[in-house]
Amino acid sequence: MRERTAAWMAAAALAAAGAGCGSSSSSSPAAPPQGSGFFITISNLSFSPLSLHVPPGGTVTVLNQDAMQHSVTSETTPSSFSPGAVSGVSFDTGPFTGARTFTLPTNAPSGTVIPFFCTVHRGTMNTPNGSITVDPSAVATTASGGGGGGGGSGY
Ligand SMILES: [Cu+2]
């Protein structure tokens with residue numbers, strides 16, 4: 001019954017929706033940002049990963065999955081719990097819930113390791129310190145295994 005255009009659209013819709021077809025539909029967690037990039041997740045007062053590689057100019061998305069506010073704030077030395085920079089590179093989301101992003105300078109020196117902490121909880125985080133390493137070869141990842149590419153942009 002469908003004409004070609006309709007069939008094409010139906011096929012696209014199936015491709016987008018059919019990924020999880022067949023198994024019990026698992027409830028997806030609170031909609032994370034789409035697309036690929038560099039991600040730090042905060043859950044249960046813990047940063048993950050504890051060491052993240054990001055290229056110069058890379059944008060980091062921080063997902064706070066706790067109900068309380070956290071921050072990702074650079075410090076010069078681990079456990080100093082005082083905002084600071086390493087080789088001129090600093091960042092600070094400020095306390096927030098939900099998601100925040102920050103971007104490394106495009107001239108951030110390769111190999112720079114910038115520790116970070118949470119200004120709200122400092123040493124009482126389950127993971128008091130994490131770090132970002134400036135790495136030009138770092139590869140972006142996807143926030144939470146989204147369907148990849150779904151929903152063509154059309155025209
Ligand atoms: Cu915190």
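**Entry 1. Terms and overview**

Two strands pair if DSSP finds at least two bridges between them. With that rule in hand, I looked up β1 and β4, which pair in the parallel sense over five bridges. I note at the outset that this is a predicted model.

I then listed the elements of the chain, and I found one helix and nine strands. Read from the N terminus on, the elements run α-β-β-β-β-β-β-β-β-β. I looked up how much of the chain is buried: the share is 18% of the 155 residues. I also looked up the contacts with a separation of 6 or more, and 64% of these join residues 24 or more positions apart.

**Entry 2. Strand β1 and its partners**

I returned to the pairing of β1 with β4 and looked up individual positions. Phe38 stands opposite Val60 in β4, and Ile40 stands opposite Val62 in β4.

Next I looked up β2, which comprises residues 46-48. Three bridges join β2 to β1, and the two strands run antiparallel. In this pairing, Ser46 in β2 is the bridge partner of Ser43. I recorded that β1 and β2 form a hairpin with two residues between them. Asn44 lies in the turn and has a positive phi of about 55 degrees.

I also found that β1 pairs with β9 (residues 141-142) in the antiparallel sense, over two bridges. Here Ser36 stands opposite Thr142 in β9.

**Entry 3. Strand β4**

Which side chains of β4 point to the buried face? I found that Val60, Val62 and Asn64 point to one face and are buried. Thr59, Thr61 and Leu63 point to the other face and are not buried.

I then looked up the pairing of β4 with β6 (residues 98-103), which is antiparallel and extends over six bridges. One position that I noted is Thr59, whose bridge partner in β6 is Thr103.

**Entry 4. The nonpolar core**

I looked up the largest nonpolar core and found that it has 20 residues. Ile40, Val54 and Val60 are the residues with the most contacts inside this core. At least two residues of the core are supplied by each of β1 (36-43), β3 (51-54), β4 (59-64), β7 (113-117) and β8 (130-134). The largest share, four residues, comes from β1.

For Val60 I listed the contacts, leaving aside neighbours within four places in sequence. The residues in contact with Val60 are Phe38, Ile40, Val54, Thr101 and Phe102.

**Entry 5. The open sheet and strand β3**

I looked up an open sheet of four strands, which has the order β3-β8-β7-β5 and mixed pairing. Its edge strands are β3 and β5 (73-74), each of which pairs on one side only. At one edge, β3 and β8 pair in the parallel sense over four bridges, and Leu52 has Ile132 in β8 as its bridge partner. At the other edge, β5 and β7 pair in the antiparallel sense over two bridges, and Ser74 stands opposite Phe116 in β7.

The side chains of β3 alternate. Leu52 and Val54 point to one face and are buried, whereas Ser51 and His53 point to the other and are not.

**Entry 6. Two residues of the sheet: Ser51 and Ile114**

Is Ser51, in strand β3, buried or exposed? I found that Ser51 is exposed, because 10 other C-beta atoms lie within 10 Å and the cut-off for an exposed residue is 12 or fewer. Beyond its neighbours within four places in sequence, Ser51 is in contact with Gly130, Ser131 and Thr133. Ser51 and Ser131 are 80 residues apart in sequence, yet 4.9 Å apart in space, C-alpha to C-alpha.

I then looked up Ile114, which lies in strand β7. Why is Ile114 called buried? Ile114 is buried because 22 other C-beta atoms lie within 10 Å, and the cut-off for a buried residue is 20 or more. Leaving aside neighbours within four places in sequence, I found Ile114 in contact with Ser74, Val86, Val89, Ser131 and Ile132. I also noted Ala85: from Ile114 the separation is 29 residues in sequence and 7.2 Å in space, C-alpha to C-alpha.

Key:
Residues numbered from 1 in each chain as written. Predicted model: local features only at pLDDT ≥ 70, side-chain atom pairs only at ≥ 80, totals over all residues. Core = buried A, V, L, I, M, F, W, Y, C linked by C-beta atoms within 7 Å. Contact = placed C-beta atoms within 7 Å.
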